[in-house]
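Colleague: I've got a model open and I'd like to learn how to read its helices and backbone oddities. Can you walk me through it?

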Amino acid sequence: MTEQKHKHKHTTETFRCGHCGNKTLMEVISEGEYTQTSSDDRYNEEYHHFHDVYTLVCPNCRKFNVILEDFNTFDSAYESRNTRFLYPYLKEFANKSRETRNIINTYREARTCFDCGLYVSSIVMCRKTMEMLCLYFKIEHPDNLHGKLEKMRGEKIIDDKFYNWANHLKFFGNEAAHTSEQFSRKDAEDIVDFTYALVEYCIDFNDKFENLLKRRGKVQPSPHLETTTLTEETINNFVQKLDENETSAVRYYAAITLAKRNIEIDKVIPVFLSLINSTKFSKDAINYLKSIGSQAIPELINALEKLTNHVNVRSAAATILGDIGTNSPDAIESLVKALKDEQPDVQHKAGIALEKLGNIAIDAFVKIYPLPPGS
């Protein structure tokens, strides 16, 4: 009994194999189609939704892929085609709008590199995916990714947990791009998955939630409610409540009310600094100082360098400067000097802050602590 060999036709366009990542023409093992038709009585027209299903074999790894192509025709001038994998299942973002195209394409490249065993390259592309995510939210400054992520947190796009994830992903991306560090398959897989989760959280879940509210006839609260105009009399009232003779709770509420509306920020910052030493409000005060951003840097430097301040306040100032001081040479210089502070906790926080700032801190360190002559 002889084995009969079948010659299969090939696709007319290239597909990227969901198994090995190779992009090539594929053998067509089977194909089928079905059509959905709907009508619009108002215009006496029919609309067609075509579904083409193909079973393809990759000539590189000899594994099969099943793809579905959807094709809509509403009139002679409009048509759209969407291709997705039914097998193997590939993670895809739900939001496929024009605005998310750069994010999707960059992430796909990260995934493709991973599938091809190019783990370092996949991690570099994960870092670039985060850059594309920042641009999606129109965050173009500062020039470094760390500052952009900090701004995303300040604008409540991501919370503290996702900010922590994103910072570590950024660090891994820097290692992949600028060092000889190698990454295992498992490390790269986790980094790709966490990158997907970050984008999904920021974009897909927001869209899904808005669609849910629309279906249920609910209206999402406007994020601009905090910008409600305050009368001059009300502002003066809140400014007076910042006085140190008031209770911590009164001062905190007055400070956040003004800070949310970007009013009297120069008076609010010292209040948040003083509240850092309060057990109840310390964490919230620190977060508000971070959200204020560069406006808080001069006061934070002063708080760090003023030796009469409580060690908790000075340590917190160092930590915050590490998060928001990327483009401030004065902040970096102050942190470098704090490495030799008389308080060990301040030294520690300054060192961690400089590590966050990365390469931009190196020049300041070498300038302030040069080698002795003749070394």
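Modeller: Sure. Start with helix H2, whose 18 residues reach 26 Å from first C-alpha to last, close to the 26 Å expected at 1.5 Å a residue. Keep in mind that this is a predicted model.

Colleague: Which residues of H2 are buried?

Modeller: Ser122, Ile123, Met125, Cys126, Arg127, Thr129, Met130, Glu131, Met132, Leu133 and Cys134 are the buried ones in H2. When you look at such a list, remember that an α-helix has 3.6 residues a turn, so residues three or four places apart point the same way. Right after H2 comes Lys138, with a positive phi near 60 degrees.

Colleague: Let me get the overall picture before we go on. How many helices and strands are there?

Modeller: The protein has 14 helices and six strands. Of its 375 residues, 40% are buried. Take contacts between residues at least 6 apart in sequence: 50% of them join residues at least 24 apart.

Colleague: Now packing. How do I describe two helices lying against each other?

Modeller: Two packed helices are described by the angle between their axes and the distance between the axes. Try H1 (residues 101-115) with H2 (residues 119-136): the axes come within 8 Å and cross at roughly 170 degrees. That angle makes H1 roughly antiparallel to H2, since anything over 145 degrees counts that way.

Colleague: Which residues make that contact?

Modeller: On the H1 side you'll find Asn102, Ile103, Thr106, Tyr107, Glu109, Ala110, Cys113 and Phe114. H2 brings Tyr119, Ser121, Ser122, Met125, Cys126, Lys128, Thr129, Met132, Leu133 and Tyr136. By type, the H1 and H2 contact residues split into 11 nonpolar, five polar and two charged.

Colleague: What about H10 and H11: at what angle do they cross?

Modeller: Roughly 140 degrees, with the axes of H10 (residues 297-305) and H11 (residues 311-324) coming within 8 Å. So H10 is oblique to H11. H10 passes H11 in a left-handed crossing. The residues involved are Ile297, Leu300, Ile301, Ala303 and Leu304 from H10, and Val313, Arg314, Ala317, Ala318, Ile320, Leu321 and Ile324 from H11. That contact of H10 with H11 has 11 nonpolar residues, no polar ones and one charged.

Colleague: Is H11 itself largely enclosed or open, and why?

Modeller: H11 is largely enclosed by the rest of the structure, because 11 of its 14 residues are buried. Among them are Val313, Arg314, Ile320, Leu321 and Asp323. The length checks out too: at 1.5 Å a residue H11 should span 20 Å, and its end C-alpha atoms are 20 Å apart.

Colleague: And how does H10 sit against H12?

Modeller: H10 and H12 pack at about 15 degrees, with axes 10 Å apart. That makes H10 roughly parallel to H12, and H10 passes H12 in a left-handed crossing. Ile297, Ile301, Leu304 and Glu305 in H10 meet Asp330, Ala331, Ser334, Leu335 and Ala338 in H12. Six of the residues in the contact of H10 with H12 are nonpolar, one is polar and two are charged.

Colleague: Can we zoom in on one residue there? What does Ala331 contact?

Modeller: Leaving aside neighbours within four places in sequence, Ala331 is in contact with Ile297, Ile301, Leu321 and Gly325. Ala331 lies in helix H12 (residues 329-338) and is buried, with a relative accessible area of 1%. Its C-alpha is 6.2 Å from that of Ile301, though the two are 30 residues apart along the chain.

Colleague: Which helices do the buried residues of H9 pack against?

Modeller: They pack against H3 (145-154), H7 (248-260), H8 (265-275), H10 and H11. Those buried residues of H9 (residues 282-292) are Ser282, Ala285, Ile286, Tyr288, Leu289, Lys290 and Ile292. Just after H9, Gly293 takes a positive phi of about 80 degrees.

Colleague: Last topic: which backbone oddities should I look for?

Modeller: Most residues other than glycine have a negative phi, and most peptide bonds are trans. Against that background, look at the cis peptide bond joining Tyr87 and Pro88, with omega about -10 degrees. Pro88 lies in the loop between strand E6 (78-87) and H1.

Colleague: Is Asn262 buried or exposed?

Modeller: Asn262 is exposed, at a relative accessible area of 53%, and has a positive phi near 55 degrees. It lies in the loop between H7 and H8. Glu264 is also in the loop between H7 and H8, with a positive phi near 50 degrees. At 29% relative accessibility, Glu264 counts as partly exposed.

Conventions. Residues are numbered from 1 along each chain as its sequence is written. This is a predicted model: local features need pLDDT of at least 70, side-chain atom pairs count only at pLDDT 80 or more; totals for chains, interfaces and linings use all residues. Side-chain values use heavy atoms; hydrogens and water are left out. Axes are lines fitted to C-alpha atoms, for helices over the stretch in contact, and angles run from 0 to 180 degrees between N-to-C directions. Helices (H or I, at least four residues) and strands (E, at least two) are DSSP runs, numbered from the N terminus. Angles under 35 degrees count as roughly parallel, over 145 as roughly antiparallel, 65 to 115 as roughly perpendicular and the rest as oblique. A crossing is left-handed if the near helix is turned anticlockwise from the far one by less than a right angle, and right-handed if clockwise. Contact means heavy atoms within 4.5 Å. Ala, Val, Leu, Ile, Met, Phe, Trp, Tyr, Cys and Pro count as nonpolar, Asp, Glu, Lys and Arg as charged, and the others, Gly among them, as polar. The expected span of a helix is 1.5 Å times one less than its number of residues. Buried means under 20% relative accessible area, exposed over 50%, partly exposed in between (1.4 Å probe, protein chains only).
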